[in-house]
Amino acid sequence: MVPFAGWTLPLHYGQGHLQSHLHTRRHCSLFDVSHMLQTLVYGRDRVRLMESLVVGDIAELKPGQGTLTLLTNEKGGITDDLIVTNTSENHLYVVSNAACADKDLAILRDRAAQLQATGSDVHVEVSDNALLALQGPSMARVLQAGLSDDLAKLSFMNSIATTVFGVPGCRVTRCGYTGEDGVEISVPAARAVELAEQLLGVPDVWLAGLAARDSLRLEAGLCLYGNDIDETVTPAEAGLMWTLGRSTSTSFLGQAEQQGVPTVAMAWTGAGQALLTSPCPRIPGTVTSGCPSPCLGKNIAMGYVEAAHSRAGTKLTVEVRKKQHPAVITKMPFVPTQYYMAK
């Protein structure tokens, strides 16, 4: 168990990190991610509130559809990355990073109060549900046994309110942080253990902790807030301009700061020890995340270099514990993603 964002969370379970990582890629793992903030935004002006804060087109989301988007500050820095879903139940469902929970909630509540003061209809509630992530190629088979809904009709980044293995009041969203086909299940806290035990009753399903979650997301080329992105990094620098919606692309907070940026987010693979946060001595840059890849059998990392040196195939030298190791700029993701799109 390790401290994380004010919580005590499991780093790994009995199987160990390597076995857990590979099991997720080959079968299915269950992650308890209840530390993440779940917020519900109600009222006829709920979309107006959210679009005043994030870079995405929330108004264009169909019922049940969600999107990854970014909260930005006045300088264009990323305050948080979060998922916003336009539910079929007339509210927005927002999932935020645990480390950003307090500031995100304050921003949402402050903006709601501002809009309410001008007569707008909007209010924010915090959900006390637990959140379970079931990830891996066996996910659909395992979960379908406990659903009346047809998972084959639920595409990546879409969501339904449903009963899961007899537990009512759940929200199933086809998404995740591993690069595999997966879901996040928002479940009433009082019945979270019951649902987890039902899922773990299937031999294919193992419990997985933070260590596997981190190495899986890095193989999938997914940023970790606080490491790879933060309030000093803009969407343009982080390679996240694809999150911008058409209607918000010229009007989001800090938009003017997205021009003429000197760095880009890229990735390295290389021999030697695990790559840690450290400078690149020959080309100015920083490694922000790194680990040995269980699937590739070599070290991988994510970081920032000057745009002139960001082309895939560019050879670099990375310094780790005062020793230099060869590396090469590599396109992400390192391991192909398996997100499910319904036919």
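Let's start inside the protein: the largest cavity holds about 80 Å³ of space. Bear in mind as you look around that this is a predicted model. The walls of the largest cavity are formed by L9, P10, Y13, F31, D32, V33, H35, A208, G209, L210 and R213. Two elements, β3 and α6 (210-219), give two or more residues each to this lining. Sorted by class, the lining of the largest cavity comprises 7 nonpolar, 2 polar and 2 charged residues.

This space has company, since a search of the whole structure turns up 3 cavities of 30 Å³ or more. The second largest cavity has a volume of about 40 Å³, and its lining consists of I83, T85, Y93, V95, L131, T173, C175 and E184. Here β6 (78-86) and β7 (92-96) each supply at least two of the lining residues. By class, the lining of the second largest cavity splits into 5 nonpolar, 2 polar and 1 charged.

From closed spaces we can move to an open one. The second largest pocket has a volume of about 250 Å³. Its lining counts 16 residues, and D32, S34, L132, V193 and A196 are the ones nearest its centre. If you have just looked at the largest cavity, D32 will be familiar, as it belongs to that lining too. Which elements supply at least two residues each to the lining of the second largest pocket? They are β2 (7-9), β3, β9 and α5, with α5 providing the largest share, 5 residues. The class make-up of this pocket lining is 12 nonpolar, 2 polar and 2 charged residues.

Now for the packing. In soluble globular proteins, nonpolar side chains tend to be buried together. In this model, the largest nonpolar core has 24 residues, and L134, L143, V164, I185, V187, L195 and L199 have the most contacts inside it. At least two core residues come from each of β3 (28-32), β9 (130-135), α4 (139-144), β11 (167-173), β12 (182-187) and α5 (192-200). Of these, α5 gives the most, with 4 residues. So α5 is worth following on screen for two reasons, since it also has the largest share of the lining of the second largest pocket.

To see the core from one residue, pick V187. Leaving aside residues up to four places away in sequence, V187 touches N129, A130, L132, V167, C170, A192 and L195. A second, separate core has 20 residues, among them M50, V84, L92 and A101. A single loop residue makes a good next stop: V54 sits between α2 (46-51) and β5 (65-72). Is V54 buried or exposed? V54 counts as buried because its relative accessibility is 1%. Between the C-alpha atoms of V54 and T85 there are 13 Å, although the two residues are 31 places apart along the chain. T85 has already appeared in the lining of the second largest cavity.

Finally, step back to the record. An unreviewed UniProt entry places the feature "domain: GCVT N-terminal" at residues 1-244. Over that stretch the chain is 24% helix and 29% strand, with the end C-alpha atoms 37 Å apart. For "domain: Aminomethyltransferase C-terminal", UniProt, again in an unreviewed entry, lists residues 285-335. Residues 285-335 are 0% helix and 59% strand, and the end C-alpha atoms of this stretch are 24 Å apart.

Definitions and conventions:
Residues are numbered from 1 along each chain as its sequence is written. This is a predicted model: local features need pLDDT of at least 70, side-chain atom pairs count only at pLDDT 80 or more; totals for chains, interfaces and linings use all residues. Side-chain values use heavy atoms; hydrogens and water are left out. A nonpolar core is a set of buried Ala, Val, Leu, Ile, Met, Phe, Trp, Tyr and Cys residues joined through side-chain atoms within 4.5 Å. Buried means under 20% relative accessible area, exposed over 50%, partly exposed in between (1.4 Å probe, protein chains only). Contact means heavy atoms within 4.5 Å. On a 1 Å grid over the protein atoms alone, a cavity is a set of points where a 1.4 Å probe fits but cannot get out, and a pocket is an open set with protein on both sides within 12 Å along at least five of seven lines; lining residues have an atom within 4 Å of a point. Grid points are joined across faces, edges and corners, and a volume is the space filled by probe spheres set on the points. Ala, Val, Leu, Ile, Met, Phe, Trp, Tyr, Cys and Pro count as nonpolar, Asp, Glu, Lys and Arg as charged, and the others, Gly among them, as polar. UniProt positions are given in the numbering used here, feature names are shortened, and annotations may be inferred rather than shown by experiment.
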